[in-house]
Amino acid sequence: MSNEKTVKSALISVFSKDGLEPIVRKLNEQGVTIYSTGGTQTFINDLGINVVPVEEVTSYPSILGGRVKTLHPKVFGGILNRQNHEGDIKELSEYEIPQIDVVIVDLYPFEKTVASGASPQDIIEKIDIGGISLIRAAAKNFADVICVASVDDYAEFLELISANNGSISEEDRRRFAAKAFNVSSHYDTAIFNYFNQNQEETVLKISETNGKVLRYGENPHQKGFFFGDFDAMFTKLNGKELSYNNLLDVDAAVNLINEFKGEAPTFAILKHNNACGFAQSNSIHQAYKDALAGDPVSAFGGVLISNTEIDKATAEEISSLFCEVIIAPSYNAEALEILKGKKNRIILILNDVELPQTNVRSCLNGILVQDRNNVTDTIEGLTYVTNTKPTQNDLDDLIFASKICKHTKSNTIVLVKNKKLLASGTGQTSRVDALEQAIHKAKTFNFDLNGAVMASDAFFPFPDCVEIANKAGISAVIQPGGSIKDQLSIDYCNENNVAMVMTGTRHFKH
């Protein structure tokens, strides 16, 4: 039997009519018999084109408020029959079932309805039953039928039937079947996740249809892909395509700056997912200068992010630094013109988009899933455990340091003074190493640690860290607490007039 199939009949039942008219006109021009239902039938009739109502085939009207229209053996028999099967051909004739060569479906917009905040009843009514069944049937029988399962595929289908006078190859039918099962599986995943919002079932279903091939992964010999709606998160104004590593740094930058949304002008410089410069001031210009001073060496090639609009003065400062990515909620016209001076520099506007509430990563031969770390330490939640109490300035710095610490790789120590990151120890195998790294780095850039504060992502099992910090000039400490030897650190602080507060919340970041 020939690999090519010529379209002689089509069943069309779609939610979105956008782009449908040229398809219908082309099918009509090619003498194709068109079957349809409901609103789609009316749409085709209004074009002045003949259409056979499905109810004429089934002898049943649309019933139950439109919930049942196409669910009938005469419809599915027309789709699922094998055209080279003698028994199937005989039954089509016996039961007066019309052959259907094309099925065009666009499903009810379930995800958009959920996202709109619609009522539960409206959401339920947008669970497509007939449409999803038509898609599965037509895609299964790709040997004889082509399934067009989304408005996104209308244009390509029109090209196919136009180029070959309605003749479609098995290769194209199989390709469209893959597209169809992609649509159906994604649709079912969205419905399951809606019903499983409280995670009554310990099941992970992820379906991302917006895939992008990256230049490579972490290294040139690794393939890389990004699945997600980048354009919803950002408006890209300038620069080259983002790489795998860029995206990881951008993710870290966004998560960190979100801790300071609505606060005074705040600027962060990140490298390898960690803040190497961070400051808050009364202007974004000063915040940038203070952040850069934290580690001007590491800032080279980093990702920069602001919690407020970037102005001309700040852009002029930034323009002298080689950086990969700049992110802000907005830029004034002069600033944008300056920053666009480097054609490869990636400039992004951060849109106000809610981030997923779960973290997912591969692990061994499976996947790890956890809740997002939505706990942010506050002054109101602190426990004061030492005789010496932190000043108000200390408290502001302690919370500032804690927010940075939460988004820095463990083991980590963060040193802050006057809402400026002086240094951090990141990703160390011991907390002592992290602290000594931070102190060494701060001294390298000539920072005065006297009166600075220290944040730790986890408790101190021994008093060694508070002793080292005190001798370096640290005046106040914030840590989760929870060690069976907490009292040893508390005693040292009491003996040496160091203020220490506990949060009760650990912020490991592996």
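Is V369 buried, partly exposed or exposed? I looked this up first: V369 is partly exposed, with a relative accessible area of 43%. My cut-offs were under 20% for buried, over 50% for exposed and partly exposed in between, with a 1.4 Å probe and protein chains only.

**Ground rules.** I am working with a predicted model, where local features need pLDDT of at least 70, side-chain atom pairs count only at pLDDT 80 or more, and totals for chains, interfaces and linings use all residues. I number residues from 1 along each chain as its sequence is written, and side-chain values use heavy atoms, with hydrogens and water left out.

**Surface.** I placed V369 in strand β17, residues 366-371. (Strands are DSSP E runs of at least two residues and helices are H or I runs of at least four, numbered from the N terminus.) V369 also helps make a nonpolar surface patch of about 430 Å², together with L204, I206, V360 and I367. A patch takes residues with over 30% relative accessible area and no salt bridge, joining nonpolar side chains (Val, Leu, Ile, Met, Phe, Trp, Tyr) within 5 Å and like charges within 9 Å. A salt bridge here is a Lys or Arg side-chain nitrogen within 4 Å of an Asp or Glu carboxyl oxygen. The areas are Shrake-Rupley values with a 1.4 Å probe, and for residues only the protein chains shown count as cover.

**Cores.** I then turned inward. The largest nonpolar core has 42 residues, and F234, F278, I327 and I404 have the most contacts inside it. (Such a core joins buried Ala, Val, Leu, Ile, Met, Phe, Trp, Tyr and Cys residues through side-chain atoms within 4.5 Å.) A second, separate core of 30 residues includes I123, A137, A139 and Y187.

**Rings.** I found 12 aromatic pairs in the structure. Phe, Tyr and Trp rings (the six-membered one for Trp) pair with centres within 6.5 Å; planes under 30 degrees apart are stacked, over 60 edge-to-face, the rest tilted. F110 and Y194 pair edge-to-face, at 5.8 Å centre to centre and 85° between the planes. F110 sits in helix α6 (residues 110-115) and Y194 in helix α10 (residues 170-195), so their pair ties together parts 84 residues apart in sequence. F110 counts as buried at 2% relative accessibility, and so does Y194 at 19%.

My next pair was F267 and Y288, edge-to-face because the ring centres are 5.0 Å apart and the planes at 70°. This pair links strand β11 (residues 266-271) with helix α13 (residues 284-294). F267 is buried at 0%, and Y288 is buried at 0%.

Last note: F110, Y187, Y194 and F195 form one aromatic cluster.
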